[in-house]
Amino acid sequence: GADGGGGGGGGGGGAVEAAAEEVSPPLDTAHYNVLLSCLSRPRRWKEALELSARMGERGVQRDTSTYNALISVMKAAGKWKLALKLLRRMRSEGVPPDTITFSAAMAACARGGEWRSALLLMGSMRQAGVRPNTVTFSAAISACEKGGEWARALRLLRQMGDEQVPPDLITFNAAIGACAKGGEWERAMSLLTEAMPAEGIAPDSVSYNAAITAHANAQPARPDGALSLLRAMEGEGGAPPDNFSYNGVISAFGRAGRWEEAVALLRQLAAGKVAHGGEALSPDLVSYTAAISACAEAGRAAEAAALLEELRSSGLPLSILPFSKAIAAAAKAGEWRVACATLRQVSSLQLRHNALTTNLVLRACDAAGEPAA
């Protein structure tokens, strides 16, 4: 059953239990529940399962609180399958699940991107006569966000209104995030500027960033809408922008073919004049990748190569993506020598790359009638 997979937990749970056993009377359900709550960190999920198994071996009854603690540990550890397994076993033992049980199991599904499982749990919850609350709905909406199911997320939000369950900041951020994934900028803006104020909830940086992403993912991309949100964040009383905010707008400019404005925004970040929580922001790997991608979209090979060199000199951790984008820019501009040189850099840096990157270089050489160097 779900109690399996013990190894690796070592002493933690056992040591706590051994110390507790030095007192009398013997440990009962309440004691074990306290011990389980001490194992709430993600890496200690195996110890939590071992402790639950020992409860069974010693004839100690597992109750709703026991299972809530166990499922919460699985949620934190990203073990959604084990969370569902525990819920099934709980019910087979006749232990009644409550709102906390279902919410934790749904949050575990959300973390695993399992929106179907989360919605099935919502149905099971109603069948069990357990009323969903704000946390439950937020977990279900978050699961839909991870799966890009924006229509289902909005349906759940409407359902909350019908059932008079008040949404909170987490609920709205998940719903806006779901709209962002689908590029549904109008719906994202409606939530940000109408629905949230109507509930008396002030948007935070996460809310604005999700709305910026909705503009970036729109078809076609809407960089001016994204930029106006960024400027609103910079204004007095706005939620302070962070790297996600700027990277989202840079990406929006890139997708709209407006590479110069994308690079200008990167420069604004690099100048160190943008403050977040009292500290100056600076470009990260995503900022450079988005700006290089913007140059690639416009076939600006020289600018992409210059930004890539700047990134290499910055001391930031590297990935294959900005190199692939720079190779794409060179290939698009017919700069086969630059494409070959960039691929050699990838090899010398021992970055993992796939056949797609190599094929871009081969196609650039082939188009120029040159053998791949």
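Good morning. Helix 12 (205-217), helix 14 (243-255), helix 16 (285-297) and helix 18 (320-332) each supply at least two residues to the lining of the largest pocket. I begin there, with the reminder that what we have before us is a predicted model.

Among those contributors, helix 16 gives the largest share of the lining, with 7 residues. The lining of this pocket comprises 21 residues in total, and those nearest the centre are Asn247, Ser251, Arg255, Val286 and Ala290. Its volume is about 460 Å³. What is the make-up of the lining by class? The largest pocket is lined by 10 polar, 8 nonpolar and 3 charged residues.

Let me turn to the second largest pocket. The space within it comes to about 310 Å³. Fifteen residues would be a long list to read aloud, so to speak, but the ones lying nearest the centre, of the 15 that line this pocket, are Glu145, Asn173, Gly177, Val206 and Ala210. Two or more lining residues come from each of helix 8 (134-146), helix 10 (169-181) and helix 12. Helix 12 therefore deserves a second look, as helix 12 is named for the lining of the largest pocket and for that of the second largest pocket, with helices numbered from the N terminus. Which helix gives the largest share of the second lining? That is helix 10, with 6 residues. By class, the lining of the second largest pocket divides into 7 polar, 6 nonpolar and 2 charged residues.

I move now to individual side chains. How many aromatic pairs does the structure hold? The number is 0. An aromatic ring does, however, have a charged partner: arginine 222 lies over the face of tryptophan 185, at 3.5 Å from the ring centre.

Another residue to locate on the model is glutamate 309, which is placed in helix 17 (residues 301-314). Is glutamate 309 buried, partly exposed or exposed? Its relative accessibility is 40%, and because the partly exposed class runs between 20% and 50%, glutamate 309 counts as partly exposed. Between the C-alpha atoms of glutamate 309 and phenylalanine 323 the separation is 10.0 Å, and the two residues are 14 apart along the chain.

Finally, the protein as a whole. It contains 20 helices and 2 strands. The C-alpha trace spans about 80 × 50 × 40 Å along its principal axes. Of its 373 residues, 46% count as buried. Taking contacts between residues at least 6 apart in sequence, 64% join residues at least 24 apart.

Thank you for your attention.

Key
Residues numbered from 1 in each chain as written. Predicted model: local features only at pLDDT ≥ 70, side-chain atom pairs only at ≥ 80, totals over all residues. Heavy atoms only, no water. 1 Å grid on protein atoms, 1.4 Å probe; cavity = no way out; pocket = protein on both sides within 12 Å on 5 of 7 lines; lining within 4 Å. Points joined across faces, edges and corners; volume = space filled by probe spheres on them. Helix = DSSP H or I, 4+ residues; strand = E, 2+ residues; numbered from the N terminus. Nonpolar A, V, L, I, M, F, W, Y, C, P; charged D, E, K, R; others polar. Phe/Tyr/Trp six-rings, centres within 6.5 Å; stacked < 30°, edge-to-face > 60°. Lys NZ or Arg CZ within 6 Å of the ring centre and 35° of its normal. Buried < 20%, exposed > 50% of the residue type's maximum accessible area, 1.4 Å probe, protein only. Contact = heavy atoms within 4.5 Å.
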